[in-house]
Amino acid sequence: MSKDYTPLWKELGLDLVKHDGLLSVLSDAYKNIYLSQKNRPEGMKYFDFVISEVHGLRIEELYEAKKEKRKVIGTFCVYVPEELVLAVDGVYVGLCAGAEVGFEEAEKYVPRNTCALIKAFMGFKLSGLCPYVELTDLIVGETTCDGKKKAYEIFDEITKKMYVMEIPNMKNEEDRQLWLNEVKKFKNKLEEISGKQITLSFLKKSTEIVNQKRKALQRLSSLRAYDPPPISGLDSLLVNQIAFYDDPVRFTMKVNELCDEIEERVKKAEGVVPKGTPRILISGSPFAIPNWKLHAIVENSGAIVVGEESCVGYRNFRNLTDENFNSIDEGIEKIASRYMSIDCACFTPNTERIDNVTKLYKDLKADGVIHYALQFCTPYMIEAFKIDRKIDFPFLRIETDYSMEDFGQLKTRVEAFIETLK
Ligand code: SF4
Ligand code: SF4
């Protein structure tokens, strides 16, 4: 880290001893998993820097933003419209956590058999380890899965900052209307807390910024279709994770710089692994930072991950918002409609996801799909069976959590699956 942030962490009420321990574990894991990779693009140095400063410089930036009366909005789901947060000059940050931290504390509030993502965001807060939660002015939840819905009630008792958007379970006309109303209510809420009115020009600008970010991520994704693969799955996953934390304009610029470099690699047929290495598409539950387990297993078992059909991945940037609107109401409608096209397993029916997995598998020239569901994530666990029945390409279904206990067993299954692809 570039300087000592202890006074800032202290001011935010973090548990300094535990926090030091967390940073040291993270830094070791990062060295082992990321910095040990060979032939990484130079452009990944920026993302390494962001990780090294994820509880440092970025936290300081948010702290400074608050001093300028900008609002920090925390979210847990890709349904929360980023465009609206930016349109009130707010800062949008993802709060999902991907490490087994504070589970003992979390299990005082939620059952043991709750998915790891929920236990982790509660555990980080309850253990005094999340500077992002402390800096938020509003934490936006959504009625997606049952676990999140009920956990938000408890999280509100703890933080007193929750705002929950109702997300319908279906996509009929009346559901779309309900969602449009929710997006309008969210706009009003943001205007109220920020004291700023959303104007047409702010909305157009913010829509453009978020679309530019999505386009850069799409560009990176399409470069992963080349063989030999010019970037590892681990590095691409990291970029997808940082998309939820970094300043969007700076992030977009850095992703595009990385893509420029990767395009040069493609021209020279330069890859991180040899041509013909088995190519895996991972599909399913989100990979909150620092959940790198499955990618590390795949890439240490003689294969490469070429895509994530996940909210930390393609589901986050597949669709752009239509920028062609001439009034605020029209813009809100376009935003609502773009978010309703997301194919989360919380919806029923959710047939478009099967089509999307198939398309991505073909576009990225994958050889097989590993369906990854977090344990107790019923929507994705059940959809995995459905996808398996409907598709005709090699498919491995796994359920796991954030612990390392099943590492050996998972590695054996992944290695056996990769063998069948050779
Ligand atoms: S998996 Fe569903 S609930 Fe979870 S972040 Fe994605 S869209 Fe939201
Ligand atoms: S991973 Fe599944 S169970 Fe966990 S919060 Fe997301 S949708 Fe809910």
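A residue is taken to be near a molecule if its C-beta atom, placed from the backbone, lies within 6 Å of it. In this predicted model, the residues that surround ligand 1 are Cys77, Val78, Tyr79, Thr144, Cys145, Pro286, Cys311, Ile342, Cys344 and Cys346. When the shell around ligand 1 is divided by residue class, 9 of its residues are nonpolar and 1 is polar, while no charged residue is found there.

A second feature concerns the packing of two helices. Two packed helices are described by the angle between their axes and by the distance between those axes. Helix 3, which spans residues 44-52, packs with helix 12, which spans residues 233-242, at an angle of about 55 degrees, and their axes are 11 Å apart. Helix 3 is therefore oblique to helix 12, and the crossing of the two helices is left-handed. On the side of helix 3 the contact involves Met44, Phe47 and Val50, and these meet Asp235, Leu238, Val239 and Ile242 in helix 12. The residues of this contact comprise 6 nonpolar and 1 charged, with no polar residue.

A third feature is the setting of Thr348, which is located in the loop between helix 16 (328-340) and helix 17 (351-363). Thr348 counts as exposed because 11 other C-beta atoms lie within 10 Å, where the cut-off for an exposed residue is 12 or fewer. Apart from residues up to four places away in sequence, Thr348 touches Asn169 and Met170. Thr348 and Tyr361, which are separated by 13 residues in sequence, lie 23 Å apart in space, C-alpha to C-alpha.

Methods. Residues numbered from 1 in each chain as written. Chains lettered and ligands numbered in written order. Predicted model: local features only at pLDDT ≥ 70, side-chain atom pairs only at ≥ 80, totals over all residues. Axes fitted to C-alpha atoms, helices over the stretch in contact; angles between N-to-C directions. Helix = DSSP H or I, 4+ residues; strand = E, 2+ residues; numbered from the N terminus. Parallel < 35°, antiparallel > 145°, perpendicular 65-115°, else oblique. Left-handed = near helix turned anticlockwise from the far one by under 90°. Contact = placed C-beta atoms within 7 Å. Nonpolar A, V, L, I, M, F, W, Y, C, P; charged D, E, K, R; others polar. Buried ≥ 20, exposed ≤ 12 C-beta atoms within 10 Å, placed from the backbone.
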